[in-house]
Amino acid sequence: ELTTFTPSLHKKTNTLKYSDMATQLLAGKRGVIFGALDDQSIAWAVAEVCASMGAKFTLTNAPVALRFGQLDALGEKLGATIIPCDATSIEELENLFQQSEEILGGKIDFVLHAIGMSLNVRKKKHYTDSNHEWMKKTFDISAMSFHKMCQVLYKGDHMAEWGSIVGLTYIAAQRIFPDYGEMAESKALLESFARSFGYHFGEKKKVRVNTISQSPTMTTAGKGIKGFQEFFGYGDDMSPLGNAPAIDCANYCATLFSDLTRYVTMQNLYHDGGFSNMGMNPKLLEG
Ligand code: NAI
């Protein structure tokens, strides 16, 4: 049984720095980034990368996360305004996008949804003994928030033509990872919402909508999953390239926000070092 996490595995590919991204791929683009809590958050890396590539954006998180997180420091560093928004509230989403348009001076080119939370997982309820009121809240926060966000953007006509919306997901939507619990269904729902809205947004405004299915990543949300260190190590050994670090996920997001991927839409895109197409890696037997 794998019991220890070996950080060296993680570090081996994690050598890129924000300053390596000299290219101004996102110059002139306006965005909204959800979900940066602390400097481990995937959204935090996305914000750093987008800023280094010339984008302007607002940062947002739930009011409670703003109290306990470190978002102020990021906002100050990158010159980004922070707008509180509980992503389950239509009114707060409307306010967020209206204010973002005003602050950024035009319609929005890109949006990152990086929101996930499971009440049953957090409260250590076994999947076969789930509390269904908590499950509804989990779906609301982790999946329906994506639909609400898209709907507010759509009805308020906040997106610019050829804009790009990205949500973050995990392969537990397709395969069983028992400890991921009801987050598996949350992610399946999220991916389906992205496909469906991709159709409507494409027809209306040539806006693309995709999900990125990311490797296990050491963040607050990730570490909340029981046995996370073990399956982080398992994913790292199974994938020929190893687990994809947050910074590389951020780079991938930036390509999807850029004009280089204008015809990519309604996709669930694996960013996982090859994990999703592996059956067996002999490395796992080497101990
Ligand atoms: P994180 O804990 O840094 O980010 C999760 C964010 O969701 C936090 O900033 C939190 O405040 C926010 N959030 C929770 N409830 C909210 C609400 N009602 N309104 C607005 N925001 C709310 O963790 P991480 O890992 O960066 O998570 C970002 C996304 O990446 C999530 O969708 C997660 O499921 C996904 N992901 C994470 C993986 C991992 O192993 N860490 C792997 C694959 C996907």
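# Chat notes on a predicted chain

Me: How does the radius of gyration sit against a compact globule with 287 residues?
Reply: It agrees: the chain has 18 Å, and a compact globule with 287 residues would be near 19 Å. The radius is taken over C-alpha atoms, and the globule rule is 2.2 Å times the number of residues to the power 0.38. Keep in mind that this is a predicted model, where local features need pLDDT of at least 70, side-chain atom pairs count only at pLDDT 80 or more, and totals for chains, interfaces and linings use all residues. Residues are numbered from 1 along each chain as its sequence is written.

Me: And what does the C-alpha trace span along its principal axes?
Reply: About 55 × 45 × 40 Å.

Me: How many helices and strands does the chain have?
Reply: Eleven helices and seven strands. Those are DSSP runs numbered from the N terminus, with helices being H or I of at least four residues and strands E of at least two.

Me: What share of the residues is buried?
Reply: 47% of the 287. Buried takes 20 or more other C-beta atoms within 10 Å of the residue's own, exposed is 12 or fewer, partly exposed is in between, and C-beta atoms are placed from the backbone.

Me: OK, H2. How many of its residues are buried?
Reply: Eleven of eleven, over residues 42-52. The buried ones include Trp 44, Glu 48 and Ser 52. Just after H2, Gly 54 takes a positive phi of about 95°.

Me: Which residues have the most contacts inside the largest nonpolar core?
Reply: Ile 33, Ala 43, Val 46, Ala 47, Cys 50, Ala 250 and Cys 253, in a core of 64 residues. H2 gives the largest share of this core, nine residues. A core here is a set of buried Ala, Val, Leu, Ile, Met, Phe, Trp, Tyr and Cys residues joined through C-beta atoms within 7 Å. Another core, of nine residues, lies apart from it, with Tyr 170, Ala 173, Met 183 and Ile 225 among them.

Me: Where is Ile 225?
Reply: In the loop between H9 and helix H10 (228-238). Ile 225 counts as buried because it has 21 C-beta neighbours inside 10 Å. Leaving aside neighbours within four places in sequence, Ile 225 is in contact (C-beta atoms, placed from the backbone, within 7 Å) with Val 121, Asp 179 and Tyr 180. Val 121 is 104 residues away along the chain, yet the two C-alpha atoms are separated by 6.8 Å.

Me: Switching to the ligand: which residues are closest?
Reply: Ser 41, Ala 65, Gly 116, Ala 221 and Gly 222, out of 27 that surround the ligand. To be near, a residue needs its C-beta atom, placed from the backbone, within 6 Å.

Me: Which element gives the most to that shell?
Reply: H9, with three residues. By class, the shell has 15 nonpolar, eleven polar and one charged residues.

Me: Back to backbone angles. What's the phi of Trp 162?
Reply: Near 65°, a positive value in a residue other than glycine. Trp 162 is found in strand S5, and is partly exposed because 13 other C-beta atoms lie within 10 Å.

Me: And where is Lys 206?
Reply: In the loop between helix H8 (183-205) and strand S6 (208-214). Lys 206 has a positive phi of about 60° although it is not a glycine. With 15 other C-beta atoms within 10 Å, Lys 206 is partly exposed.

Note on methods:
Ala, Val, Leu, Ile, Met, Phe, Trp, Tyr, Cys and Pro count as nonpolar, Asp, Glu, Lys and Arg as charged, and the others, Gly among them, as polar. Two residues are in contact if their C-beta atoms, placed from the backbone, lie within 7 Å.
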